[in-house]
Amino acid sequence: MTKHGSVLVLGAGGFIGGHLVNKLKQEGFWVRGVDLKHHEHQGLLVDDFIIGDLRDPETVEAVMDKPFDEVYQLAADMGGAGYIFTGDHDADVMHNSAIINLNVLNYGKKAGIKKIFYSSSACIYPAYNQSDPDNPKCSEDSAYPAAPDSEYGWEKLFSERLYFSFQRNYGMNVKVARFHNIFGPYGSWKNGKEKAPAAICRKVAMAEDGGTIEIWGDGKQTRSFLYIDECLDAIRRLMDSETFSGPVNIGSEEMVTINQLAGITMEIAHKKLALNHIPGPTGVRGRNSDNKLIKEELGWAQSRPLRYGLEKTYWWIKEQVEKQ
Ligand code: NAD
């Protein structure tokens, strides 16, 4: 069904933002994208793309020059474990992302935007519920007492609260989702901001059959990974809901160890590789999405296994490796 209306995507030059822009265009919206940079990996079907720094209030005021029907706030200073868990980027991660969200809400309110989506993260969940790799607890109501294991998680939790306070005090229509490891083609794969699926795909693609790849930690830490198309479907359902604002998990319940993730990638690549476990930032021992609430409220459930998205991601990254 063709939709009419104007949409603003902040962070449109990023992985999820780029995919979202193209989906919204296909649905028939007029779309403006904003980012510090153009998308590095795919062409965007966008109507208007503004290069700008959302830490700057004047830029935010300028890009929010009309009462957009929908705003998607995806811009953040973020990356995988190698970026978030080393501690080296804590000040930037907290300062840059918080100031973006403060600006966006302030000028979004002034512009009279109709609805705003905020991308929070599974990283807000308390570390004390994620120490057993087989039984992590990540239901939405387990967020408090808060104890995220990274400053990235603390900023997301602060910003969630900021969005809901604008909903309460100014009547803004706010939607908040907590993403759990979204992956797919056209994302970071080698710039230090890549996450486990992309990093493992790259290592497997670059290795000779019979060779060795490095894995951070013992590889027994568990995670779940959601393919980008499924994530977009869940975001759109949340935005279209008349009654439900979240916060809600958007993730997969197919939990695997990092060693298993490497194993599936090797099967896809038809390669047998040894795993060399080296010290590195690993985050919590176990994490899995809990999809009870999203099923109840939005009727959403993951439709395909991890392997489906991993195949698509692997072959895209292999192509990038060969192009170098
Ligand atoms: P990404 O890094 O690919 O995209 C974020 C974009 O924001 C980048 O293109 C970046 O240039 C832009 N940006 C950063 N600072 C900016 C600024 N000052 N002004 C303008 N643009 C700026 O990340 P992504 O994977 O697409 O994630 C999108 C959102 O979802 C982020 O808020 C992230 O924290 C959240 N999230 C993602 C995941 C995931 O698994 N990918 C998980 C949890 C939460």
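Trainee: Why is Tyr-308 called partly exposed?

Mentor: In this predicted model, Tyr-308 has a relative accessible area of 28%. Buried requires under 20% and exposed over 50%, so Tyr-308, at 28%, is partly exposed.

Trainee: What makes Tyr-227 buried or exposed?

Mentor: The relative accessibility of Tyr-227 is 9%. The limit for buried is under 20%, so Tyr-227 counts as buried.

Trainee: The structure holds 9 aromatic pairs. Why is the pair of Tyr-227 and Tyr-308 called edge-to-face?

Mentor: The ring centres are 5.8 Å apart and the planes stand at 90°. Pairing needs centres within 6.5 Å, and edge-to-face needs an angle over 60 degrees, so both conditions are met. Tyr-227 belongs to strand 10 and Tyr-308 to helix 10, so the pair ties together parts 81 residues apart in sequence. Ring pairs also link these two tyrosines with Phe-183 and Phe-225 into a cluster.

Trainee: How do you know that Lys-66 lies over the face of Trp-30?

Mentor: Lys-66 is 4.1 Å from the ring centre of Trp-30 and lies over its face. The distance limit is 6 Å, so 4.1 Å satisfies it. Likewise, the charged end of Lys-109 sits over the ring of Tyr-170, 4.5 Å from its centre.

Trainee: What makes the approach of Asp-35 to the ligand a polar contact?

Mentor: A side-chain N or O atom of Asp-35 is 2.6 Å from an oxygen atom of the ligand. The cut-off is 3.5 Å, so the pair qualifies. A backbone N or O atom of Ile-182 lies 2.7 Å from a ligand oxygen atom, and a polar side-chain atom of Lys-37 lies 3.3 Å from one.

Technical notes: Residues numbered from 1 in each chain as written. Predicted model: local features only at pLDDT ≥ 70, side-chain atom pairs only at ≥ 80, totals over all residues. Heavy atoms only, no water. Polar contact = N/O pair within 3.5 Å; in protein donor to acceptor, adjacent residues only side chain to side chain. Phe/Tyr/Trp six-rings, centres within 6.5 Å; stacked < 30°, edge-to-face > 60°. Helix = DSSP H or I, 4+ residues; strand = E, 2+ residues; numbered from the N terminus. Buried < 20%, exposed > 50% of the residue type's maximum accessible area, 1.4 Å probe, protein only. Lys NZ or Arg CZ within 6 Å of the ring centre and 35° of its normal.
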